[in-house]
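Let's take a walk through this model, going from a hairpin to its neighbours and ending at the surface. Keep the 3D view open as you read.

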Amino acid sequence: MNYKEARVYLDEVSKYGSVLGLESMRELLDRLGNPQNELKFIHISGTNGKGSVLAYLSTILSGAGYRTGRYISPTLFSYRERIQVDGEYIEKESLACHVTAIAAAAEDMQKAGLPSPTVFEIETALAFLYFKEKRCDIVTLEVGCGGLLDATNVITTTLMEVIASISMDHTDLLGDTLAKIAAQKAGIIKPDTMVVSAQQKSEAAQVIEDTCKEQHCTLQMVDESKISNVHYGAEGQTFSYKTWENVAISLAGSYQIKNAALALEGVEALRKLGYALSDQQVREGLLHTAWRGRFTTLRRDPTVIIDGAHNPAAALELKESLERYFPGKTLYFVMGMFKDKDYAQVIDLTAPLARHIITVETPGNPRAMPARELAEAVRKVNPSVEWADSVAHGVEKALAMAGKEDAVIVFGSLSFLGEAADAVNEK
C-alpha cells in the first residue's frame with residue numbers, strides 16, 4: 001500500500017467500531033513479532049488531563065535528549081498527529097509500510113477464524129512498530145478507553161504508570177461507580193513499577209493505593225495543598241509546587257496547574273529510575289509544552305478559545321477557567337457533544353455563562369448528537385440558543401455576533417475542534 005491506500009484501509013476498518021479486550025491485540029502483535037517488547041513505556045490513564053500530562057512529560061524527555069515516542073487519541077488536526085517521535089508526526093512512508101504488514105496479519109487472523117482487529121488495535125500496533133523502527137528510548141503511551149481492557153495494556157515493559165484525574169465517564173463501559181471506574185484506570189499498573197497519581201477523590205484514591213500494594217509498586221500522589229503562589233492567565237501561568245518554585249507553563253486553563261504538578265511528580269519518579277533530567281530541562285520542557293485543544297486561544301478581537309470539555313468534570317474546569325479569566329465578559333458558545341456523554345450535566349454547568357449558544361454536530365461520527373437535538377437540550381437551561389448545519393457555519397455565526405471585547409468559546413467533543421479551528425483561521 002501507499003499512504004493514500006493505507007488511509008483508505010484504516011477508514012474502512014474504523015466502520016466496524018471498537019471493543020474492549022486484549023486477546024485480539026495479543027494475537028495481532030504476536031504475528032508482528034511483538035515490537036512492544038523492545039520498548040520502554042510511561043503508561044498514562046485517567047479521565048481528564050492524561051493528554052496534557054503526556055505532553056508535559058514527552059516534551060521534557062525530548063528536550064533532555066531522550067528519543068521519545070508519543071501515542072495519543074483522539075487527534076485534532078492531522079491523522080498522523082496520533083503517533084509522534086520528538087514532536088514529529090509519523091512519516092507517510094513508514095505508516096504505509098507498517099499498515100501493509102498489519103493488514104496482512106489481520107487477513108491471516110480472519111482466515112484462521114479469529115476476530116478481525118479493530119482500528120484502535122491496528123493503530124496501536126502501528127505505533128509500536130514505528131517506535132521500534134525509530135529506536136525510541138522511551139514511549140509516552142495514552143490509554144484509549146479505561147485501562148485494564150484497553151488495547152494499549154498489552155505492554156509488559158512499563159517503567160512508570162501515570163493516573164490523571166478520575167471522574168465519572170464511559171459509565172456504560174467502565175462501571176457505574178467511581179470505584180469501578182478507578183479499578184479500570186488502575187488496571188494498567190504492572191508489578192514493581194513506579195506509579196504517580198493526581199490527587200483523587202477518596203473512592204478512587206483507595207483503589208489506586210490498594211492496587212499499588214497488591215502489585216508491590218511505589219506510589220507518589222499529588223498533594224494539592226503544596227501548590228502555591230499561583231498566577232493564572234490565558235497566555236501563560238506560574239505556580240510553585242513543593243520544592244519547585246515559580247514554575248512557568250504556557251498552557252492555559254486553571255486545571256493545567258494540577259496537570260503540571262502531576263508531571264513534576266512524574267519527573268521525580270523518572271529521576272529515581274535513573275533518567276537524567278536537570279531542573280533547567282524540566283522548566284524549559286514545561287514552558288515549551290504545547291497542547292492544542294485544551295483551552296487554546298486561536299485569536300483576539302474577539303478572543304476565540306477551543307477546549308475539549310466533553311464530560312462533566314472537564315465542563316466544571318472550563319466553567320472555572322472562564323469565570324477566572326473572563327469575569328464580566330460577554331461569552332458566545334459553539335458547542336458539539338457526543339450523545340453517549342452526560343451532555344445534560346455539561347449543559348447545566350456551562351450554558352448559564354453564555355449570552356448565546358450555537359450547537360453543531362460533529363461530522364462523520366455515529367456517536368455525534370444532532371445539532372437540533374442538542375439545541376433543544378440547551379434551551380431548557382438557556383433559551384438563547386440556535387443550531388447550525390455545519391461546524392464552519394456555527395463558528396461563522398458566533399464570530400458575526402461577538403464584538404471585539406467579547407469571547408467565543410468552542411467546546412465539547414475533541415473530534416470537531418480541528419475543523420472549528422480551520423474555520424476560525426479562514427475567517
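**A hairpin and its surroundings**

Three residues sit between strand 12 and strand 13, which form a hairpin, and Asp-301 in the turn has a positive phi of about 55°. Strands here are DSSP runs (E, at least two residues) and helices are too (H or I, at least four), numbered from the N terminus. This is a predicted model, where local features need pLDDT of at least 70, side-chain atom pairs count only at pLDDT 80 or more, and totals for chains, interfaces and linings use all residues. Residues are numbered from 1 along each chain as its sequence is written, and side-chain values use heavy atoms, with hydrogens and water left out.

Back to the hairpin: strand 12 (residues 296-299) runs antiparallel to strand 13, with three bridges; pairing takes at least two DSSP bridges. Thr-297 has Ile-305 as its bridge partner in strand 13. Strand 13 also pairs with strand 17 (residues 407-412), this time in the parallel sense over five bridges, and there Ile-306 stands opposite Val-410.

How covered is strand 13 (residues 303-307)? Five of its five residues are buried, meaning under 20% relative accessible area (exposed is over 50%, partly exposed in between; 1.4 Å probe, protein chains only). Thr-303, Ile-305 and Asp-307 point one way, while Val-304 and Ile-306 point the other.

Now for Leu-20, which lies in the loop between helix 1 (3-14) and helix 2 (23-31). Leu-20 counts as partly exposed because its relative accessibility is 33%.
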